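Work through the exercises below with the sequence and the coordinates at hand, and try each task before reading its solution.

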Amino acid sequence: MHRQTEMKPTNNNMSNKIPLSKVQIQLIEELVNVHVMMGMQPAWGKILALLTVSDETELTFEQIMETLDISKSGVSQALKQLELTKRIAYKTKMNDRKRYFHLRIEDWREQVAEMFSVLGKSVAITNKIIKIRPATTKAFNRDLADMNNFLSALHKMTIPALKSTPEKK
């Protein structure tokens, strides 16, 4: 059972805290819970959810930290990992030393293609594993093959669908 994540209501006394409606807060909490169910660290999920739901599409370190009430080191570590995994990027602005973090939403096709490329590699390796599995583990072997066949079919369906999706202009 995973723990539900709750955000504190927006307090406008803090200068860097961005205003969020009750609906936005609820949507962030729901999205964080989905990210956590998928195995993501809560701080990562909170940042991704905030960047998805916020009216502003680019947020500073301070805005993220104060809005989500996450420690400086927690935000720093999460942002580094989200950058490494190509989920977010940042921009700088002329005469401003701050970094403005944003989702890499414009790269979604590349991200999905990369994810399914990895899936294709996993299917190929699992096929090799199935060939060397001992005959004494029939039920396990059957379940492994069923799972791998499903993932293979998913991989084969997704790549053409991705290629047929119109590019942005």
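**Exercise 1.** Determine which helix the buried residues of α1 pack against, and list those buried residues.

*Solution.* In this predicted model, the buried residues of α1 pack against α2, which covers residues 42–53. The residues concerned are Q24, I25, I28, E29, V32, N33, H35 and V36. As for geometry, α1 has 16 residues and spans 23 Å from its first C-alpha to its last, close to the 22 Å expected at 1.5 Å a residue. Just after α1, G39 adopts a positive phi of about 95°.

**Exercise 2.** Classify V34 as buried, partly exposed or exposed, and find the surface patch to which V34 belongs.

*Solution.* V34 is located in helix α1, residues 22–37. Its relative accessibility is 37%, and because partly exposed residues fall between the 20% and 50% cut-offs, V34 counts as partly exposed. Together with M37 and M38, V34 forms a nonpolar patch on the surface, with about 340 Å² of accessible area in total.

**Exercise 3.** Establish which parts of the chain are tied together by the salt bridge between K86 and E114, and contrast the exposure of its partners with that of R104 and D107.

*Solution.* The side chains of K86 and E114 meet at 3.9 Å, N to O. K86 lies in the loop between α4 (72–84) and β2 (88–93), whereas E114 lies in helix α5 (residues 108–132), so the pair ties together parts that are 28 residues apart in sequence. K86 is partly exposed at 34% relative accessibility, and E114 is partly exposed at 42%. R104 and D107, by contrast, are both buried, and their side chains form a salt bridge at 2.6 Å, N to O.

Key
Residues numbered from 1 in each chain as written. Predicted model: local features only at pLDDT ≥ 70, side-chain atom pairs only at ≥ 80, totals over all residues. Heavy atoms only, no water. Patch = residues over 30% accessible without salt bridge, like charges linked within 9 Å, V, L, I, M, F, W, Y side chains within 5 Å. Areas by Shrake-Rupley, 256 points an atom, 1.4 Å probe, with all protein chains shown as cover. Salt bridge = Lys/Arg side-chain N within 4 Å of Asp/Glu carboxyl O. Helix = DSSP H or I, 4+ residues; strand = E, 2+ residues; numbered from the N terminus. Buried < 20%, exposed > 50% of the residue type's maximum accessible area, 1.4 Å probe, protein only. Expected span 1.5 Å × (residues − 1). Contact = heavy atoms within 4.5 Å.
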